[in-house]
Amino acid sequence: MSAARLHVVTGKGGTGKTTVAAALALALAADGRTVLLVETEGRQGIAQLFDTPPLPYEERRVAVTRGHGEVRALAIDVEEALLEYLDMFYNLRRAGRALRKMGAIDFATAIAPGLRDVLLTGKIKEAVTRREKGRPVYDAVVVDAPPTGRITRFLGVTAEMAQLARSGPIRTQSDGVMAVLRSPQTAVHVVTLLEDMPVQETADAIAELSAASLPIGSVIVNMATEPALPETDLRRAAEGGLTGADLAAALGTVHLPGTDGLAAALAAQVVEHAQRWAAQDELRDDVEALGRPVVELPLMPGPMDVGCLFELAGRLEEHLRAEVAA
Amino acid sequence: MAVEPAAATEPAGTHRPAPGARPQPGREAPPMDLAALITDPGSRIIVCCGAGGVGKTTTSAALGLAAAEAGRRVVVLTIDPARRLAQSLGLEELDNEPRRIDVPGAAGELHAMMLDMKRTFDDIVVAHSTPERAQQILDNPFYQSLSSSFAGTQEYMAMEKLGQLRAADTWDLIVVDTPPSRSALDFLDAPNRMSRFLDGTMIRLLTAPSRAGLKFVSAGFLVFSRIISKVLGGQLLRDISAFVSALDTMFGGFRERANATYELLHRPGTSFVVVATPEPDALREASFFVDRLSTEGLPLAGLVLNRTHPPATTVLSATRAEGAAEEVVEAGGEGAELAAAALRVHAERMTLAAREQHLADRFTSAHPDVAVRTVHAAAGDVHDLEGLREMAGELTGPDDTPTGIPRTRVLPVRRR
């Protein structure tokens, strides 16, 4: 995980990949390092998490970590990236602005669906390889990437563009991007929940990414919960062998309203809790079977804020250290 | 499945929460009568919309199943079902045609199909041009990319397929599951965007600027086409050009078709069901979508609030359960630890339910007229006919439940 400098975070929608990407950026920025956190989907989720105004197309500091480390964030705007690109390679910035007025830029990104991804990944590659005074500007770059369903296509720009643009600078550019993405400096992490569909999609994504020779990092299990019962009771409850009668005596020692019905209702909830727990445990085995390093992040009570992010970052730091030691 | 005749015949809006759970004025969401909706012979199309991952596919399949069991001939158009659900429905083969699903004991028929967007697009091309021309289009690399990866193709083709299914008039009811896009609004926007794109002046200018014969062409346009060819390479422009000239006969047709299907959504007999989970993002999406439907004058049946966690009892508040857990441990004796754990599970459950109810209330304050039906999160995920049947029961069963929490809510209205 930490040999990598480019960390791409994907996951099924709803698994919390933006949160995990932000926490990972904080973890990597500890001890005085500088990390860039990149948003690719134009949702401004990073700004929301760090409680800052919407991010412009500009690298802005969003958090400071211990030992003078910092996380900067960038929300990539595809149009701006195209203009920057035209400027860099053709000195066409002014013409580009005029074209934007005509809606031509929108059109250009629409006729070639891959163009969008090429621009995004191109910008990411630029940030990873950018150097100043003989050393990289960023110690690490973390990408809040598109969801598992689209990640391989997003990262597999060459294959996509080879079909469309058989020559030209975009083709050259995408070849350069692929070289970085397929190198050991990249790790694609998949965020999942202990639920059927996210675990299934994680397995599918890992298979697709390996087939495309993209380096896979860790599987991050998000929002993991602890069981409320001791092991033996948990197992009995999961099998449905727990009823109100098991609780009634102890509940009778305190004054509670409607104890009869209450005991049965509480038992039913415990059974549901235990069954969900058993189902999660099975999925945990499925996740282990994927053969990737696994880290679990706990479910955070209440709304997500910067404090929670640092707490999650702490867990990820431990995981990073363990990975280095291994 | 328990489709209670009483629930089926009562018009929406007549269910009231049990006495003792009096609504706070203006805050209570009206109940949604899905049983009436699916059994009404006038109801012909149900579109399930919502953000990704909220359970649209499962909701569509469960509604389809309930309608088939109530005696209707139903087809469910799914876009991207979870593999296990697809397998259990016998849909592992993607052949772009409805297949009958064996539902033992159902009075009606359940058919289901999975959309193959490229194939649907190919079919339109073949149907609207001569064989040679069609082949030219199908072989064109630009067409291949457009038909398999243009953002919006899936939505456009879902509309197209819906139009075809409706025109065939073989089914009493079509249930549509919308594509898993980032925004629920994409389903309404994408077809238009796509037809605008295909019909657009830009594409004509780009491919045949001389024919367009406009003055400004000479000025800005040459720069534009120079950039496009620089950035994408000349080959792509030649492909687009060939594609457009081959497609010339069909142009205009695209917009007409998209418009015709869009009109279908406005006809009586169509209803939208918005699906959301009790989470801020999903409900915000649902909110946008509800506003959009009302702006467009499209008929909304209501909101399905999926995967809620109503507690089995509400006589004990979270705070009281926490306190009782401590007392039980102090009192000691056999089973004290277990009982305390059960009380803690309950406290957690009450807190979760309160959060879900709070989110639902916020939605209802903004959209007081939108009917709501909550669906309890099953312990596992739905991946077989039995699970679907259970969910169908939750969707179409009576509004009252044994726990006294009406199915418009996660927690009962607080008594004053």
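This is a short tour of selections to try in the viewer, mostly in chain B with a last stop in chain A. Keep in mind throughout that the model is predicted.

**Stop 1: the sheet in chain B**

Start by showing chain B as a cartoon and look for an open sheet of eight strands. Going across the sheet, the order is S3-S4-S2-S5-S1-S6-S7-S8, and the pairing is mixed. Now colour residues 99–101, strand S3(B), and residues 372–376, strand S8(B): these two stand at the edges. Each has a single partner strand, so one side of each is left without a neighbour in the sheet. As you rotate the view, note that neighbouring strands are turned by 25° against each other on average, direction ignored.

Zoom in on the S3 edge next. Strands of a sheet pair through backbone hydrogen bonds, either parallel or antiparallel. Here, S3(B) and strand S4(B), residues 109–114, pair in the antiparallel sense over three bridges. Select Arg100(B) and you will find His111(B) of S4(B) standing opposite.

**Stop 2: helices lying across the sheet**

Select residues 280–296 of chain B to bring up helix H15(B). Which strands does H15(B) lie across? They are S1 (45–49), S6 (270–276) and S7 (300–308) of chain B, and the helix runs at about 160° to S6(B).

Then add residues 385–396, helix H18(B), which lies across S7 and S8 of chain B. H18(B) runs at about 150° to S8(B).

**Stop 3: two aromatic pairs**

Turn on side chains, as the whole structure holds two aromatic pairs over all chains. For one of them, select Phe121(B) and Tyr143(B): their ring centres are 5.2 Å apart and their planes stand at 80°, so the pair is edge-to-face. Phe121(B) sits in helix H5(B), residues 117–127, while Tyr143(B) sits in helix H7(B), residues 141–149, and 22 residues separate the two. Phe121(B) and Tyr143(B) are both buried.

For the other, select Phe272(B) and Phe289(B), a tilted pair with 6.2 Å from centre to centre and 55° between the planes. Phe272(B) belongs to strand S6(B) and Phe289(B) to helix H15(B), so this pair ties together parts that are 17 residues apart in sequence. Are these two rings' residues buried or exposed? Both Phe272(B) and Phe289(B) are buried.

**Stop 4: one face of helix H6**

Select residues 131–139 of chain B for helix H6(B), then highlight Ala134(B), Ile137(B) and Leu138(B), which are buried. Look down the axis of H6(B): the buried residues fall within an arc of 95°, so they line one face of the helix.

**Stop 5: cysteines without a disulfide**

A disulfide is a covalent bond between the sulfur atoms of two cysteines. How many does this structure hold? The count is zero over all chains. To see an example, select Cys48(B), whose nearest cysteine sulfur is that of Cys49(B), 7.3 Å away. That distance is too far for a bond. Cys48(B) is buried, with a relative accessible area of 0%, and Cys49(B) also counts as buried at 0%.

**Stop 6: over to chain A**

Finish by selecting Thr34(A), which lies in strand S2(A), residues 34–39. Thr34(A) has a relative accessible area of 15%, so this residue is buried, the cut-off being under 20%. Show the residues around Thr34(A): leaving aside those up to four places away in sequence, Thr34(A) touches Glu70(A), Arg72(A), Val137(A), Tyr138(A), Asp139(A) and Ala140(A).

Definitions and conventions:
Residues numbered from 1 in each chain as written. Chains lettered and ligands numbered in written order. Predicted model: local features only at pLDDT ≥ 70, side-chain atom pairs only at ≥ 80, totals over all residues. Heavy atoms only, no water. Pairing = 2+ DSSP bridges. Helix = DSSP H or I, 4+ residues; strand = E, 2+ residues; numbered from the N terminus. Axes fitted to C-alpha atoms, helices over the stretch in contact; angles between N-to-C directions. Contact = heavy atoms within 4.5 Å. Buried < 20%, exposed > 50% of the residue type's maximum accessible area, 1.4 Å probe, protein only. Arc of directions from axis to C-beta. Disulfide = S-S within 2.5 Å. Phe/Tyr/Trp six-rings, centres within 6.5 Å; stacked < 30°, edge-to-face > 60°.
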